[in-house]
Amino acid sequence: MKTILITGATSGIGKACAELFAKENYQLILTGRRAERLEKIKQDLISKYKVKIHVLCFDIQNKKATENAINTLPESFKNIAILLNNAGLALGKETLDKSDMQDWETMLDTNVKGLLYVTRAVIPIMKKNKSGHIINISSIAAKEVYPNGNVYCASKHAVDALTKAMQIDLLAHKIKVTSVAPGMVDTEFSTVRHKGDKQTADATYNGFTPLFANDIAEVVYFVASRPAHVNINDILVMPSAQATATIVRKGN
Ligand code: NDP
Ligand code: 8X3
């Protein structure tokens with residue numbers, strides 16, 4: 001039974017991936033900061049799919065906590081075959097001169113440095129196994145910069161750059177690396193970005209059908225289940241109604 005570590009499994013894309021990989025009989029390591037949610041998801045998936053699940057509650061911005069969580073995994077969960085770097089967030093939607101500088105720190109510390117901390121802690125396991133697959137959740141915001149997207153877009157451009165760097169640096173160790181870049185997905189993402197303002201958050205998806213978390217989970221599973229000699233380097237997945245970060249067809 002293969003083991004997948006999913007960061008940010010308490011909600012949205014990460015949670016949908018947890019469910020799909022459980023259904024496909026993977027052993028799961030699920031992480032996030034909300035302990036109660038992790039425990040509930042663990043119990044639900046165990047009773048539904050009879051899989052083995054280990055939860056790790058920590059903040060990926062904290063280097064020591066990240067290293068400690070991964071280095072102290074129980075023996076039976078240590079053999080991580082797939083790392084899904086999914087945890088991430090946008091905070092605020094303002095021009096650069098007006099946006100909150102603490103929000104910049106949180107986005108860069110989570111989306112870029114947190115992803116690096118987790119990856120660095122997992123690489124030795126994959127190197128030892130001479131196999132592994134790192135899947136980074138990127139974004140349309142990695143391919144384009146849109147008005148008021150500034151630091152979030154920069155953080156996701158960094159995720160794409162790091163994906164390419166990993167593909168080069170880890171090639172010799174037979175570790176596959178993939179970037180999955182979604183367009184708009186209806187998760188808690190917009191509520192977090194708009195700091196709990198549900199009305200503004202929900203308006204993001206008004207008038208068209210966005211992607212849902214499970215649409216991305218299916219793509220992640222497809223990427224993860226290719227034969228050993230095949231790697232999907234980079235995949236951009238959009239709602240049919242979305243052409244670019246800002247051009248969306250509304251109505252019928
Ligand atoms: P959600 O807000 O629903 O989920 C985000 C997850 O990230 C949560 O499980 C959250 O867990 C976790 N997380 C956030 N910060 C931290 C942290 N510091 N330490 C540990 N875990 C953290 O959003 P999505 O599912 O949409 O987002 C998942 C990924 O997809 C993100 O990287 C996002 O940038 C990307 N994305 C999203 C798109 C969208 O339109 N929704 C489009 C393109 C990319 P907890 O709060 O429990 O820590
Ligand atoms: C999330 C999608 O368009 O809000 O990465 O940047 S978008």
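This report looks at two ligand sites and a few backbone spots in a predicted model.

## Ground rules

Since the model is predicted, local features need pLDDT of at least 70 and side-chain atom pairs count only at pLDDT 80 or more, while totals for chains, interfaces and linings use all residues. Numbering runs from 1 along each chain as its sequence is written, chains are lettered from A and ligands numbered from 1 in the order in which they are written, and side-chain values use heavy atoms, with hydrogens and water left out.

## Ligand 1

Start with the company that ligand 1 keeps. Its shell holds 29 residues, and Thr 10, Ser 11, Arg 33, Tyr 152 and Thr 187 come nearest; being near here takes a heavy atom within 4 Å. By class, the shell splits into 11 nonpolar, 13 polar and 5 charged residues. In that scheme Ala, Val, Leu, Ile, Met, Phe, Trp, Tyr, Cys and Pro are nonpolar, Asp, Glu, Lys and Arg are charged, and the others, Gly among them, are polar.

Now for the polar contacts (pairs of N or O atoms within 3.5 Å; within protein, one must be able to donate a hydrogen and the other to accept it, and residues adjacent in sequence count only if both atoms are side-chain atoms). The side chain of Ser 11 puts an N or O atom 2.4 Å from an oxygen of ligand 1, and the side chain of Arg 33 does so at 2.6 Å. The backbone joins in at Ile 60, where a polar atom lies 3.0 Å from a nitrogen of the ligand. On its own, ligand 1 has 880 Å² of accessible area, and the protein covers 96% of it (Shrake-Rupley method, 1.4 Å probe; for residues, only the protein chains shown count as cover). Helix H1 (12-23) and helix H5 (150-169) are the elements that give two or more residues to this shell; helices are DSSP runs of H or I with at least four residues, strands are E runs of at least two, and both are numbered from the N terminus.

## Ligand 2

Around ligand 2 you'll find Ser 139, Ile 140, Ala 141, Tyr 146, Tyr 152, Phe 189 and Arg 193. That makes 5 nonpolar, 1 polar and 1 charged by class.

Ser 139 has a polar side-chain atom 2.5 Å from an oxygen of ligand 2, and Tyr 152 has one at 2.5 Å from a ligand oxygen too. For Arg 193, the distance from a polar side-chain atom to an oxygen of the ligand is 3.3 Å. The protein covers 86% of the 240 Å² of accessible area that ligand 2 has on its own.

## Two lysines with positive phi

Lys 50 has a phi near 55°, a positive value in a residue other than glycine. Its place is the loop between helix H2 (35-49) and strand E3 (53-57). With a relative accessible area of 65%, Lys 50 is exposed (exposed is over 50%, buried under 20%, partly exposed in between; 1.4 Å probe, protein chains only).

Lys 174 also has a positive phi, near 60°, and isn't a glycine either. You'll see Lys 174 in the loop between H5 and strand E6 (175-182), and at 59% relative accessibility it counts as exposed.

## Thr 3

Thr 3 sits in strand E1 (residues 3-6) and is buried, at 3% relative accessible area. From Thr 3 to Lys 195 is 192 residues in sequence and 34 Å in space, C-alpha to C-alpha.
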